[in-house]
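Colleague: Let us go through this model together. I will ask for the grounds behind each label.

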Amino acid sequence: MLSHSLTDAAQLSGARCNSQSSTESGKAPTSSAHRVPENNIGFPHSWRNLSFSVTVHTDSAALTDYSGALDELARSSSEPNIFYEPWMLLPSLKAFGQERSFAFVLIFGQQAGKPPLLCGFFPLEITERHRGIPVRTATLWTYLHYYWCPPLIREGCEHQSLRALFEWMRSEQTPCSLIEFGSMPAEGPMARALIDVVNELKLQRYVWELYTRALLRRAGDAETCIRRALPGRRLKELNRVRRRLAEKGTLSFEELTPAGNLTEWLEGFLALEARGWKGGAGTALASTEGKRQFFLESARAAFARGRLMMMRLRLNGRAIAYKCNFLSGRGAFAFKIAYDEEYSSYSPGVHLELENVRCFHAMPGMEWMDSCADPDHFMANHLWSDSRAIQTTAVAVRGRLSGLLLAAFPLLKWAKRTLMPAAPPAEIKNTTEMKDTV
């Protein structure tokens with residue numbers, strides 16, 4: 001359980017917020033506010049002299065009162081993140097966060113005579129250990145199916161929102177010594193603001209991970225994009241394999257439309273994924289009821305909002321590959337793909353990915369799609385020629401011991417890699433499977 005100092009706080013956000021009852025300590029709800037000391041970096045002229053306040057809830061049920069404000073914030077965020085939008089965040093917390101402790105931090109900006117404006121949202125999980133070391137830590141909420149974890153911060157408010165978060169973390173209201181920002185952009189306004197605020201406050205930080213992963217960017221047209229990623233010989237081979245597959249019967253490509261049978265599409269995807277190697281490994285979405293319900297609830301919510309993009313490849317009316325993406329403004333996140341291993345020698349997943357590139361370019365206004373793949377993922381890295389830089393950074397917010405701990409991490413990491421025997425590489429069943437999986 002969280003310390004009583006992290007009591008629920010009630011504050012207006014433009015959406016109705018119910019006053020929360022006191023926590024088990026019996027203390028009244030609290031909130032903190034401070035005047036931003038910087039010269040309003042990044043704010044429009046009309047937002048000068050803003051003050052910022054921090055509101056914290058420990059119960060995810062309280063977030064339903066902020067749904068409208070969070071939806072608006074997500075549309076205005078400098079880094080789109082569907083995983084923290086209410087329609088996906090709340091199902092994930094219900095499925096995977098029941099036995100965990102949280103601090104849902106909301107940052108509000110306010111000018112005199114104007115209602116508070118939600119400028120930042122940080123869903124933090126509170127843990128007693130950080131990478132095996134006993135130190136209380138706040139970590140941006142993540143789980144198996146989260147591939148991107150930047151908080152929702154209003155464009156232009158990155159510096160002030162992060163500053164307000166750190167000021168709150170350094171106060172007596174939180175007992176955490178560290179905060180970890182996982183799967184964050186390593187480039188852009190949010191990354192720059194994090195560097196600036198950490199330096200201003202003279203905090204110790206350590207970058208745990210820094211890598212790139214495949215990203216699809218709009219080209220002049222789909223075929224140009226495909227030819228840029230695939231050498232002529234490789235593309236000719238894929239076309240030859242597709243013709244061989246088509247010789248087995250009627251090969252067709254379909255997209256889910258607003259009038260489509262959503263249940264049939266979702267159940268078909270879940271069944272196909274469960275029949276493959278993911279089902280055998282226990283990592284398929286249908287492997288547990290919690291994961292299944294999370295996916296169904298999130299996909300239905302996305303469909304209702306026009307944010308779900310699904311496609312499939314069918315042979316003689318039988319689906320042999322499915323792909324599921326989630327849309328976010330000018331971008332999209334490639335969530336999952338499944339294929340029929342009976343046809344793995346024909347690379348159905350690769351053919352569906354090529355159709356995905358064509359569909360992406362046919363959508364007006366779309367600029368990018370995040371592969372959500374591992375850094376060394378074979379298929380994504382070969383079909384998508386662009387990439388985005390991602391990092392995980394830990395920051396010591398209070399106490400000399402936590403700063404010393406972060407300073408020692410590079411040495412500990414070196415010792416682990418150098419002195420401990422390396423684990424044997426995971427066995428890959430066959431090359432075709434590696435090419436077709438995401």
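Modeller: Buried residues make up 52% of the 438 residues in the chain. Keep in mind that this is a predicted model. The chain has 13 helices and 14 strands.

Colleague: What share of the contacts between residues at least 6 apart in sequence join residues at least 24 apart?

Modeller: That share is 74%. As for the accessible surface, the chain comes to about 19600 Å², and carbon and sulfur atoms account for 52% of that.

Colleague: Why is Phe326 called buried?

Modeller: Its relative accessibility is 0%. Buried means under 20%. Phe326 therefore counts as buried.

Colleague: Where is Phe326 found, and what does Phe326 touch?

Modeller: Phe326 is found in strand β11, residues 318-328. Leaving aside residues up to four places away in sequence, Phe326 touches Ile82, Trp87, Met88, Ser298, Ala299, Ala302, Arg307, Leu308, Ala332, Phe333 and Phe335. Take Arg307: 19 residues separate Arg307 from Phe326 in sequence, yet their C-alpha atoms are 5.6 Å apart.

Colleague: What makes a set of residues a nonpolar core?

Modeller: The members must be buried residues of the nonpolar types, joined through side-chain atoms within 4.5 Å. The largest such core here has 88 residues. Phe83, Val105, Phe122, Phe166, Ile179, Phe181 and Phe295 touch the most other members. Strand β3, residues 101-110, gives this core its largest share, seven residues. Another core lies apart from it, with 37 residues, including Met311, Phe360, Met366 and Met369.

Colleague: Which residues does Phe83 touch?

Modeller: Not counting residues up to four places away in sequence, Phe83 touches Met88, Leu89, His145, Tyr146, Tyr147, Trp148, Phe333, Phe335 and Cys372.

Colleague: What makes strand β14 mostly covered?

Modeller: The strand spans residues 386-396, and nine of its eleven residues are buried.

Colleague: How do you know that β7 and β14 pair?

Modeller: Pairing takes at least two bridges. Six bridges join β7, residues 178-185, to β14. They therefore count as paired, and they run antiparallel. One partnership is Pro185 with Ile390 of β14. Strand β8, residues 204-217, also pairs with β14 in the antiparallel sense, over eleven bridges. There, Gln204 has Ala396 of β14 as its bridge partner.

Colleague: And strand β5, how many bridges does it have with β4 and with β7?

Modeller: With β4, residues 117-127, β5 has four bridges in the antiparallel sense. Glu125 is matched there with Thr139 of β5. With β7, β5 has three bridges in the parallel sense. Ala138 is matched there with Ile179 of β7.

Colleague: Which way do the residues of β5 point?

Modeller: Thr137 and Thr139 point one way, Ala138 and Leu140 the other way, and all are buried.

Colleague: Now α5. Why do you say that its buried residues line one face of the helix?

Modeller: In α5, residues 222-229, the buried residues are Ala222, Cys225, Ile226 and Ala229. Seen down the axis of α5, the buried residues fall within an arc of 95 degrees, so they line one face. An α-helix has 3.6 residues a turn, so residues three or four places apart point the same way.

Colleague: What covers the buried residues of α5?

Modeller: The cover includes β8, α6 (232-246), α10 (348-362) and α11 (378-383).

Colleague: What makes the link at the start of α5 a polar contact?

Modeller: A side-chain oxygen of Asp221 comes to within 3.1 Å of the backbone nitrogen of Glu223. The cut-off for such a pair is within 3.5 Å. The pair therefore meets the distance limit.

Notes: Residues are numbered from 1 along each chain as its sequence is written. This is a predicted model: local features need pLDDT of at least 70, side-chain atom pairs count only at pLDDT 80 or more; totals for chains, interfaces and linings use all residues. Side-chain values use heavy atoms; hydrogens and water are left out. Helices (H or I, at least four residues) and strands (E, at least two) are DSSP runs, numbered from the N terminus. Buried means under 20% relative accessible area, exposed over 50%, partly exposed in between (1.4 Å probe, protein chains only). Contact means heavy atoms within 4.5 Å. Accessible areas come from the Shrake-Rupley method with a 1.4 Å probe; for residues, only the protein chains shown count as cover. The arc is that of the directions from the helix axis to the C-beta atoms. A polar contact is a pair of N or O atoms within 3.5 Å; within protein, one must be able to donate a hydrogen and the other to accept it, and residues adjacent in sequence count only if both atoms are side-chain atoms.
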